Amino acid sequence: MIMTGADAMVKCLENEGVSVVYGYPGVAICPFFNSILDSEIESVLVREEQNAGHMASGYARVTGKAGVAVATSGPGATNLITGIATAYMDSIPLVAITGQVNTAQLGRDVFQEADITGAVESFVKYSYIVKNVEDIPRVFKEAFYIANTGRRGPVLIDVPIDVQNATLDFEYPDCVSLRTYKPTVKGHIIQIKKVIAELSRAKMPLICVGGGVLLSEARDEVRAFAEKYRIPVVSTMMGISAMPTNHPLYFGMVGNNGKAYANRAMNECDLLIVMGCRLADRAIQQLNLNILSEERTVVHIDVDPAEIGKIMGPTIPIVGDIKHIMKDFEKQTFTNDFSDWLTILNMWKTEMAPKRRPNPDYVDPAEFIRIMSEKMEDNAVYVADVGQNQIWSAGYHVVKEGRFLTSGGMGTMGYSIPAAIGAKKADMSRQVVAVCGDGSFQMSFMELATMQQHHIPVKIIVLKNNYLGMVREYQHYTYKDRYSVVRLDGSPDLEMIAAAYGIPFMRIANMDGVEDKIDTFLSWEGPGLVECLIDEYDLVK
């Protein structure tokens, strides 16, 4: 079938089952956006390209399919980099499509030219610049395959405008064959049997789950395994929602801002089974790595062999996809009783529970988040931004059967609103709530226009303290209250912002009657914006 390169790009997306793309047009990508008018694929116009990446990320995390972000050349493409890098650090499948200047002009510094494939080299699994229109079907097929297999992540496709306008005889490949890319899916059965043998001997085993469990869609399998043998579970921040918060086997988040009893469990267990997490610095800073690696058995399961042994040498490494590996675990059996260990953990959980002393004149963000999340629908999606709001959310949000989304590895402020829009668009039947601080809100509140234009009703909560709270807290401890460029004077009136976008608004000044106010907020049919006034000097602990 003869068609233009732009038509072929759209046809490729249709063949991959793409239903929505998030983007911002410009001349270099106009042929693509012209062709997509003849498709059933919906185009969502963002207000800033970075947010296209975050929306595609939220969409991918809810659907399990690669999200698609589209931008023009030059500044459009460079604006997209932060969205790409954020997805890369958290292993989110993403296909980023950028327009480019004519192939004959490449390297001549013409108007709106940027070497985007070179610029994103550190933040993508792979990148393409398509110089031959005949390559479009193959490149798109490979890009989606690479993004959504192995350790998932972003792939960039840069397409010059003359290639978009050229013609080809379109035929979409049936399969992908990449000689140098063969991700391991199935775990080695000998290693799996070694783990079972260790479990049969262990007295104090612990499973630590990361975001890979959710990306692999192995939540049910991991939970069933833990329940069958009564093995306690902790999580990294990215692994939150692999287990319900109030599950009797779940003992909270580990790491810098994790639960003290969860970190103690990591340090004192005799068998640690790490599933789908990188063991990044924020997750393990509270741990004694020498003791972990020398005095106990450590199992590390990950689809990316580069992550195994990078931080801590495991006793038993297993490379493979968690979902496939858990199916192999199901075929093995062992007998052991961990009741005494669970009794100890529950004692620690009671004795080491955090004790906050909130200012009664303001909203207590921790208690507010706990109450609200308990009132949210069972399968709701909660999207936390970055900063103090993220730490309070990670510590006090109550997950039932829903999802907790946030920017982990990159810690990108402004993530929550666009990611929540993408998550809501992925499943319009699910309740989606974004929680941010007044600093992160001002990084992406222009996307309220995207919400309204495309009728994507996300509910937003702003924890307002007039500071960049997390940095202020760091300066409090490190520089003894010498605060530098962290006060948010000049911030807008959020009630007027909400009115400007035609969104219902509520301001909550303290905890009086807060349950009724939360009920009202959650009952609103469409979008909503709530401003919670919190103590300027409140700390996350």
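**A walk through two sheets and their surroundings**

Hi everyone, let's start at the end of a helix: right after helix α5 comes Ser 91, and the phi angle of Ser 91 is positive, near 60 degrees. Before I go on, please keep in mind that what you see above is a predicted model.

Let me stay with α5 for a moment. The helix covers residues 81-89, and its buried residues are Ile 81, Gly 83, Ile 84, Ala 85, Thr 86 and Ala 87. What do those buried residues of α5 pack against? Their partners are three helices and two strands by name: α3 (49-63), α4 (75-79) and α6 (116-119), along with β5 (94-100) and β7 (154-160).

Two of those partners, β5 and β7, take us into a sheet. This sheet is open, has six strands with parallel pairing, and reads β3-β2-β4-β5-β7-β6 in order. At its edges are β3 (42-45) and β6 (126-129), each of which pairs on one side only. On average, neighbouring strands here are turned by 20 degrees against each other, if we ignore direction.

Let's zoom in on one pair of neighbours. Strand β2 (residues 20-23) and strand β4 (residues 67-71) run parallel and are joined by two bridges. If you want to find a bridge on screen, look for Tyr 22, whose partner in β4 is Ala 69. Now bring α3 back into view: this helix lies across β2, β3, β4 and β5, and runs at about 170 degrees to β4.

Now for a second sheet, further along the chain. It too is an open sheet of six strands with parallel pairing, and the order is β16-β15-β17-β18-β20-β19. The edge strands are β16 and β19 (505-508), each pairing on one side only. Here the average turn between neighbouring strands is 15 degrees, direction ignored.

Take β15 (residues 381-384). Is this strand covered on one face or on both? Both: Val 381 and Val 383 sit on one side, Tyr 382 and Ala 384 on the other, and all of them are buried. That fits a general pattern, in which side chains of a regular strand alternate between the two faces of the sheet. Beside β15 runs strand β16 (residues 403-405), parallel and joined to β15 by three bridges. Tyr 382 stands opposite Phe 404 of β16.

Elsewhere in the sheet, β18 (residues 459-464) pairs with β20 (residues 528-533) in the parallel sense, over six bridges. Ile 460 faces Leu 529 of β20 in that pairing. Across this region lies helix α24 (residues 514-523), which covers β17 (432-437), β18, β19 and β20 and runs at about 165 degrees to β19.

What about the nonpolar cores? The largest one has 87 residues, and Met 372 and Ile 461 have the most contacts inside it. Leaving out residues up to four places away in sequence, Ile 461 touches Phe 368, Met 372, Val 433, Ala 434, Val 435, Cys 436, Phe 521, Val 530 and Cys 532. Apart from that core lies another, with 49 residues, including Val 46, Ala 71, Tyr 415 and Phe 505. In general, nonpolar side chains tend to be buried together in soluble globular proteins.

On to a helix pair. Helix α12 (residues 260-268) packs with helix α16 (residues 339-351) at an angle of about 145 degrees, and their axes are 9 Å apart. The crossing is right-handed. On the α12 side we have Tyr 261, Arg 264, Ala 265 and Glu 268, which meet Trp 341, Leu 345, Trp 348 and Lys 349 of α16. Sorted by class, this contact has five nonpolar, three charged and no polar residues.

Finally, a few single residues to look up. Gln 442 belongs to helix α20 (residues 438-444). Is Gln 442 buried or partly exposed? With a relative accessible area of 29%, Gln 442 is partly exposed. Beyond its neighbours within four places in sequence, Gln 442 is in contact with Leu 488, Ser 491 and Pro 492. Gln 442 and Gly 414 are 28 residues apart along the chain, with their C-alpha atoms separated by 7.5 Å.

Last stop: Val 485, in the loop between α22 (469-478) and α23 (494-501). Its phi is near 45 degrees, a positive value in a residue other than glycine. Val 485 counts as exposed because its relative accessibility is 79%, and the cut-off for exposed is over 50%. Thanks for listening!

Definitions and conventions. Residues numbered from 1 in each chain as written. Predicted model: local features only at pLDDT ≥ 70, side-chain atom pairs only at ≥ 80, totals over all residues. Heavy atoms only, no water. Core = buried A, V, L, I, M, F, W, Y, C linked by side-chain atoms within 4.5 Å. Buried < 20%, exposed > 50% of the residue type's maximum accessible area, 1.4 Å probe, protein only. Contact = heavy atoms within 4.5 Å. Axes fitted to C-alpha atoms, helices over the stretch in contact; angles between N-to-C directions. Helix = DSSP H or I, 4+ residues; strand = E, 2+ residues; numbered from the N terminus. Left-handed = near helix turned anticlockwise from the far one by under 90°. Nonpolar A, V, L, I, M, F, W, Y, C, P; charged D, E, K, R; others polar. Pairing = 2+ DSSP bridges.
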